[in-house]
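Here are some exercises to work through with a structure viewer open. Try each task by yourself before you read the solution.

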Amino acid sequence: MAGFWGKRKREEQDAADADLARRAELAIVAADERVRLTSDELDFARAELGDKAVEDLKAALDSVRTHLAEAFHLHQLNHDEIPDTREELRTRNARIVQLSEWAEDLLEERTLVLQPKIDAVRRAPEILARVRADREQLAARVPHARAVVERLAHRYSDSAMQQIGGNPEEIDQLLDFAVHTAGVSERRREAGQREQASVALEAATEAVRRAESLLDAVDTFEIEALRAESTLAAVVDDSRGDLVEARRGPQTPAVAQAMTALERALAALPASGTRTDPFAALSSLRQANADLDTARERASRPVPSQEQVDHAVDDADRQIAVARGLITGHRGWVGADARTRFVEAERLRSGLPLGPVPEDDRETVLATARRAGGLAAEALQLAQNDIQQGRPDEWNDGGYGGNGWGGRPRGGGMGGGNMVGGMLGGLVIGSLLGDMFDG
């Protein structure tokens, strides 16, 4: 039976080795073909885009050729006249696969980065034709955009119109520039100056794209301005309601100040029929409204005083000091729970700020100080419980003879040795402590 399983295992290993060998051969062929194709791409890209644009791809190709030389050398060793062990063949084939796959991945990565520029060069005539067609379509939209800007200028203030007021003129300039650079690209390509031709082609395409964006911005501005006006009306109503509620609620200096600021923001709104900036008005009113909401929330939940914070910190220090004294003096009896709470209390206390605390931070500092004090109190209680349970019965009953200081207590413990062990902070002195009391 053992021979059967041994034979089967060898057959499985043979199959795996044969599969790895096939993978190595396929991988090195695929990588070599990828190098040849990438070399052609590099030559084309260099001619069209210039040396600078293809630096990364050239460096990658050089590195791949160096490492593929190693892969071909390993493959040659697999087929020379010198006999190889299974392990040698397996190691070489695995390395061939690794190098080949790495080579393809690197060339793929670098080619993808350069591919859009290469595609643009190959489609240059098509792109130039589209630039000129797009220019004509966008130019037809400029008169409408100019009319919209002129109409909106009667409704909105100069500050609001700064967003789009100069768009028509800028669009005209961009479209003229696109046509000019398209012609430059063609002339440079005809003159064999392919790198300059590609740069000009990119500039023409970008000019058309920006012109279209500025045209769309004019239409978008009108829609967003109307939306801002509608939202502003709703915020005005909400702000007036908030002022009424604020007058009925708790009054603090912060609330009074926020109410005054909101009233001023409402009063500053332009009268109906005047040129406005709905975006700035909405932003200002929203901020004043939010400030009042914050002040009212704080008034309903007063900010702790500095004195309250100081008292909480002092209490935490006191609780920690008491717990520290007990735990330090009875370490041999204090368990993990008490120690954990004490350490956490010290950690929280160490993170508290020194000196006066800003109003915005007082609630957090107060809560942290109280938490530190509470943990220290829990640590103290747990430590007391541990000490009480660890003491011998005779100690708890006030006895000193019999099994207290002499002999061994009931249950086989160490009697006085256990007590002293706790008081000494859990010093590890082994049987010596027992001998001290057994004597």
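The exercises below concern a predicted model, and each comes with a worked solution.

**Exercise 1. The largest nonpolar core**

Task: Find which residues have the most contacts inside the largest nonpolar core, and which helices supply it.

Solution. Start with the core itself, which has 29 residues. Those with the most contacts inside it are Val 131, Leu 152, Tyr 156, Met 161, Ile 164, Ile 171 and Phe 221. Next, turn to the helices: α4 (124-153), α5 (158-161), α6 (167-190) and α7 (194-248) each supply at least two residues of this core. Then pick Ile 171 and set aside its neighbours within four places in sequence; Ile 171 is in contact with Val 142, Ala 211, Leu 214 and Leu 215. Finally, look beyond this core: a second, separate core has 24 residues, including Ala 71, Ile 96, Val 97 and Leu 106.

**Exercise 2. The length and bend of α4**

Task: Compare the expected span of α4 with the distance between its end C-alpha atoms, and locate its kink.

Solution. First, the length: at 1.5 Å a residue, the 30 residues of α4 should span 44 Å. The end C-alpha atoms of α4 are 41 Å apart, which agrees. Now follow the helix to Val 142, where there is a kink of about 30 degrees, shortly before the proline Pro 143. Val 142 is also one of the buried residues of α4, among them Ile 127, Val 131, Arg 135 and Leu 152.

**Exercise 3. The two sides of α11**

Task: Decide how the buried residues of α11 are arranged around its axis, and what they pack against.

Solution. Begin with the span of α11 (residues 336-350): its 15 residues should cover 21 Å at 1.5 Å a residue, and the end C-alpha atoms are 21 Å apart, which agrees. Then list the buried residues, which are Ala 338, Phe 342, Ala 345, Leu 348 and Arg 349. Seen down the axis of α11, these buried residues fall within an arc of 125 degrees, so they line one face of the helix. As a reminder, an α-helix has 3.6 residues a turn, so residues three or four places apart point the same way. On the other side of α11, Ala 336, Thr 340, Val 343 and Ser 350 are exposed. To finish, look at the partners: the buried residues of α11 pack against α10 (306-329) and α12 (359-390).

**Exercise 4. The aromatic cluster**

Task: Classify the two aromatic pairs in the structure.

Solution. Take Tyr 156 and Phe 221 to begin with: the ring centres are 5.9 Å apart and the planes stand at 90 degrees, so the pair is edge-to-face, the class for angles over 60 degrees. Tyr 156 sits in the loop between α4 and α5 and Phe 221 in helix α7, 65 residues apart. Now take Phe 221 with Phe 279: with 5.5 Å centre to centre and 55 degrees between the planes, this pair is tilted. Phe 221 belongs to helix α7 and Phe 279 to helix α9 (residues 278-300), so the pair ties together parts that are 58 residues apart in sequence. Put together, Tyr 156, Phe 221 and Phe 279 form one aromatic cluster. As a last step, check the exposure: Tyr 156 is buried at a relative accessible area of 1%, Phe 221 is buried at 4%, and Phe 279 is partly exposed at 24%.

Definitions and conventions: Residues are numbered from 1 along each chain as its sequence is written. This is a predicted model: local features need pLDDT of at least 70, side-chain atom pairs count only at pLDDT 80 or more; totals for chains, interfaces and linings use all residues. Side-chain values use heavy atoms; hydrogens and water are left out. A nonpolar core is a set of buried Ala, Val, Leu, Ile, Met, Phe, Trp, Tyr and Cys residues joined through side-chain atoms within 4.5 Å. Buried means under 20% relative accessible area, exposed over 50%, partly exposed in between (1.4 Å probe, protein chains only). Helices (H or I, at least four residues) and strands (E, at least two) are DSSP runs, numbered from the N terminus. Contact means heavy atoms within 4.5 Å. The expected span of a helix is 1.5 Å times one less than its number of residues. The bend at a residue is the angle between axes fitted to the seven residues ending there and the seven starting there. The arc is that of the directions from the helix axis to the C-beta atoms. Rings of Phe, Tyr and Trp (its six-membered ring) pair if their centres lie within 6.5 Å; planes under 30 degrees apart count as stacked, over 60 as edge-to-face and the rest as tilted.
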